[in-house]
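Hi,

Here is the structure I said I would pass on. Have a look at it first, and then read my notes underneath.

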Amino acid sequence: MKQFLNYINGEFVATDTTFENCAPADNHVIGLVHEAGAAEVDAAVRAARAALKGDWGRMSVARRVELLHAVADEIIRRSDEFLEAEIADTGKPRSLASHIDIPRGAANFKVFADIIKNVPTETFEMATPDGGQALNYAIRSPLGVIGVVCPWNLPLLLMTWKVGPALACGNTVVVKPSEETPATATLLGEVMSKVGIPPGVYNVVHGFGPNSAGEFLTQHPGVNGITFTGETRTGEAIMAAAAKGVRPVSFELGGKNAGIVFADCDFDKAVAGITRSAFENCGQVCLGTERVYVQRPIFDKFVAALKAKAEGLKIGPSNEAGVNLGPLISAEHKQKVLSYFDKARAEGATVVAGGGVPAMPGELGHGHWVQPTIWTGLPETASVVREEVFGPCCHIAPFDTEEEVIALANATDYGLATTVWTENLGCAHRVAKQVEVGICWINSWFLRDLRTAFGGAKGSGIGREGGVHSLEFYTELRNVCIKL
Ligand code: NAD
């Protein structure tokens, strides 16, 4: 049976405690994951510390950039293996993983390597009280050993989104992939060895959160900073761990994102856009739209059109042609999503589409499938309007005015993303300026330029990463002041 080992100091490390990694599509056991205990996590952090003082720490930026390009090239060269691993772990459609997860996973190394190569440092000349002059200039140093704690929804992409800039800035990392998706982080260890990244620069420790590798890593005093993507509640626990030693955190957390559709939108594009933002990756995207607000004149027409789209989505296994929707990640998550389906009904929703479990043939019957689901008719206080479900579902409510919909969109503890559909540029700009989120898309969704700032407002995160913003977290800026 396949074994998913830890990767510590350039070696694959087995442990005595293993757990099963199961495929969401049919629940078959893909392999055994070797859980890292406190000792393995400690070894990984020590190896990462030592690497900072070794070849990696002494390496020129030019060589580091070259190596990170080689990592990206090697991921692309082995993209079939990465693709198979990601598909087995997540059950997502091959078309999605091959267009987004794997190529973006590779791009994250190149983009940040190029940024670090080209970023200028600031200088300021100043007059001194004695009539002379002084020159200030800034130097960036790596933050040190970075703990990277990852979710399961876009495993390689979201992990490299952190590891790419962290390594580009000269740090070393200890990665804790999600227990649900250990494969691609492990495979990346092979890539690191192959291209010559020194031992200890990239480490992987497998396991769970509490009382396991996640907690051991985030509580380890040898970790200088923690970057985390996952649930807001987990973020609270990690922030408490990081308080010891006042270590910096960068958090990308949950969302309850609004989609705002104005009556003057390009109707077909808006319907297609919301179909994607509500249902892509089976709704397991932090940026996904679970609250849709549609201006009253087109409300009924929009609900009917989205219903038709949802019912037209093809549910099935990754490799089947034309499949749009895979399974949810786990039995536990399916239970959570279905409990929200029940709550929506109990709270008085009109179920416009879905609301249950599709009949799947053969072994797929053991998988974690749910139907794409649309509700209307709920008050803003309803559970599925307030809480992040993280499934293929949305509630659609009507609105009348721009002012009203901005208030509705902002009436949440979260603040990750909004998507706005209108042909009126003035209106788009006014809404974008007032929604309390980190990312606002106009007539689009999930269109990402890796140089732009990414992150959440309110309960959706702390800090921004992307482009030069990543450098703010992954480096310490030192000002040097020379009296001339
Ligand atoms: P999760 O918080 O359950 O787990 C994320 C990671 O944290 C896992 O590796 C887990 O093992 C680890 N973990 C759990 N408890 C921990 C603890 N006490 N200490 C240390 N580590 C711990 O999240 P998930 O279910 O894997 O992912 C889904 C969530 O992630 C959703 O809320 C989604 O919105 C969010 N997300 C946000 C973004 C973003 O960019 N804002 C992107 C993707 C996912």
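Below is what I found, going from the domains to the ligand and then to a few local details.

First, bear in mind that this is a predicted model.

The domains: domain 1 comes in two pieces of the chain, 2-253 and 460-483, while domain 2 covers 257-449. Their centres, taken over C-alpha atoms, are 31 Å apart. Where the two meet, domain 1 puts in 18 residues and domain 2 puts in 23. If you want to find the domain 1 side of that contact by eye, go to helix H4 (79-90) and helix H5 (94-118), the elements that give two or more residues to it. That side is an even mix by class, with six nonpolar, six polar and six charged residues.

While you are at H5, check its geometry too. With 25 residues at 1.5 Å each, H5 should span 36 Å, and its end C-alpha atoms sit 35 Å apart, so the two values agree. Even so, H5 is not free of a bend: there is one of about 35° at Arg 104.

Now the ligand. How many residues surround it? The count is 32, and the closest are Gly 209, Gly 214, Gly 230, Thr 234 and Cys 286. Both domains take part, as domain 1 and domain 2 each give at least three residues to the shell. Among the helices, H8 (213-218) and H9 (232-243) each supply at least two shell residues. By class, the shell has 13 nonpolar, 13 polar and six charged residues.

Last, two backbone oddities. Most residues other than glycine have a negative phi, which is the reason I picked these out.

- Phe 390 has a positive phi, near 65°. You will find Phe 390 in the loop between helix H13 (383-386) and strand S17 (393-399). Is Phe 390 buried or exposed? It has 26 other C-beta atoms within 10 Å, and the cut-off for buried is 20 or more, so Phe 390 is buried.

- Lys 458 is not a glycine either, and its phi is positive at about 45°. Lys 458 lies in the loop between strand S19 (439-442) and strand S20 (461-462). Lys 458 counts as partly exposed because it has 17 C-beta neighbours inside 10 Å.

So the two residues share a positive phi, but Phe 390 is buried whereas Lys 458 is partly exposed.

Cheers

Definitions and conventions. Residues numbered from 1 in each chain as written. Predicted model: local features only at pLDDT ≥ 70, side-chain atom pairs only at ≥ 80, totals over all residues. Domains from an automatic or database assignment. Contact = placed C-beta atoms within 7 Å. Helix = DSSP H or I, 4+ residues; strand = E, 2+ residues; numbered from the N terminus. Nonpolar A, V, L, I, M, F, W, Y, C, P; charged D, E, K, R; others polar. Near = placed C-beta within 6 Å. Buried ≥ 20, exposed ≤ 12 C-beta atoms within 10 Å, placed from the backbone. Expected span 1.5 Å × (residues − 1). Bend = angle between axes of the 7 residues up to and from the residue.
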